Amino acid sequence: AYLEMDLERRQVEVDTVTSHMLDDEIGYLKITNFDDVTKGQFEQAMGELESQGMEGLSLDVRDKPGGLVDCVVEIADQLLPEGTIVYTEDKNGQGETYESDQERQFTKPLAVLINGSSASASEILAGAVKAYGTGTLVGTQTFGKGIVQNIIPLKDGSAVKMTVSRYFTPDGICIHGEGIAPDVEVELPAALQDETEIPEEEDVQLQEALYVVREKMEQE
């Protein structure tokens, strides 16, 4: 037997950004992936937080395995002053530099949440924020994955993945193998480390980030 039904074809856009307002006019924004749709979702979320009176921001890139370099550069460009966001360098000292312009930057108090599962794209963002001092990194040391790899096809159908260069933060820190150190180190309790959903009031890393943002807001 066959079952017939009418279906609507449309593009499905996965949510890669979630956000909401917390107490004391502090916004919370979490990025779960740096994808093609993330820039637009980030801009929309920031606009909604601003319209609700955001005076400080806690940006969460914990447990973030990576994503597209072009995407994280676009987002970093909206947070940072004019200058280098990240650069690559090969064994000959050659590479590419990704820049931020002066059109937009986030000038309100900012904390960025990181942990050992923050890797690749999230490390580019965290490393740049730390280099410019535009925000405070809260959490634990990031994963340390920052390499550019080329895939070389072979005649038998297999391929070789070759590392050709490494990513560096604006102040010259090699991300790969090193990772980005937090400004304020906070470990999650062992009982919470395997939990997928942690209540905000029990999330000691988030609570420390909010404390940092409140302190900055009071100083302004």
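**Exercise 1. Find how much area the chain exposes and what share carbon and sulfur atoms supply.**

Start with the total. The chain exposes about 12,600 Å². Carbon and sulfur atoms supply 44% of that area. Accessible areas come from the Shrake-Rupley method with a 1.4 Å probe, and for residues only the protein chains shown count as cover.

Two notes on the source apply throughout. This is a predicted model, where local features need pLDDT of at least 70 and side-chain atom pairs count only at pLDDT 80 or more, while totals for chains, interfaces and linings use all residues. Residues are numbered from 1 along each chain as its sequence is written, and side-chain values use heavy atoms, with hydrogens and water left out.

Next, take burial. Of the 220 residues in the chain, 42% are buried. Buried means under 20% relative accessible area, exposed over 50%, and partly exposed in between (1.4 Å probe, protein chains only).

**Exercise 2. Describe the pattern of helices and strands along the chain.**

Count the elements. The chain has four helices and ten strands. Helices (H or I, at least four residues) and strands (E, at least two) are DSSP runs, numbered from the N terminus.

Read them in order. The pattern is β-β-α-β-α-β-β-β-α-β-β-β-β-α.

Add the dimensions. The C-alpha trace spans about 65 × 65 × 45 Å along its principal axes.

**Exercise 3. Work out which residues of helix H2 are buried.**

Locate the helix. H2 covers residues 69-79, and nine of its eleven residues are buried.

List the buried ones. They are Val69, Cys71, Val72, Val73, Ile75, Ala76, Asp77, Gln78 and Leu79.

Look at the cysteine. Cys71 has 5% relative accessibility, so it counts as buried. Cys174 has 12% and therefore also counts as buried.

Now search for disulfides. The whole structure has zero. A disulfide here is a pair of cysteine sulfur atoms within 2.5 Å.

**Exercise 4. Trace the surroundings of Asp60.**

Place the residue. Asp60 is in strand E3 (residues 56-60). Its relative accessible area is 1%, so it is buried.

Find its side-chain partner. A polar contact of 2.9 Å links the side chains of Asp60 and Arg62. A polar contact is a pair of N or O atoms within 3.5 Å; within protein, one must be able to donate a hydrogen and the other to accept it, and residues adjacent in sequence count only if both atoms are side-chain atoms.

Then look further along the chain. Not counting residues up to four places away in sequence, Asp60 touches Tyr28, Leu29, Lys30, Ile31 and Leu113. Contact means heavy atoms within 4.5 Å.

**Exercise 5. Is Asn115 buried or exposed, and which residue does its side chain join by a polar contact?**

Place the residue. Asn115 lies in the loop between strand E6 (110-114) and helix H3 (121-132). With 11% relative accessibility, Asn115 counts as buried.

Follow the side chain. It makes a polar contact of 3.0 Å with the side chain of Asp63. Beyond neighbours within four places in sequence, the contacts of Asn115 include Arg62, Thr140 and Phe143.

**Exercise 6. Show where the loop residue Pro170 meets other parts of the chain.**

Place the residue. Pro170 is in the loop between strand E9 (159-168) and strand E10 (184-185). Its relative accessible area is 24%, so it is partly exposed.

Check one distance. The C-alpha atoms of Pro170 and Ala131 are 6.3 Å apart, with these positions 39 residues apart along the chain.

List the contacts. Leaving aside neighbours within four places in sequence, Pro170 contacts Thr84, Ile85, Gly127, Ala128, Ala131 and Tyr132.
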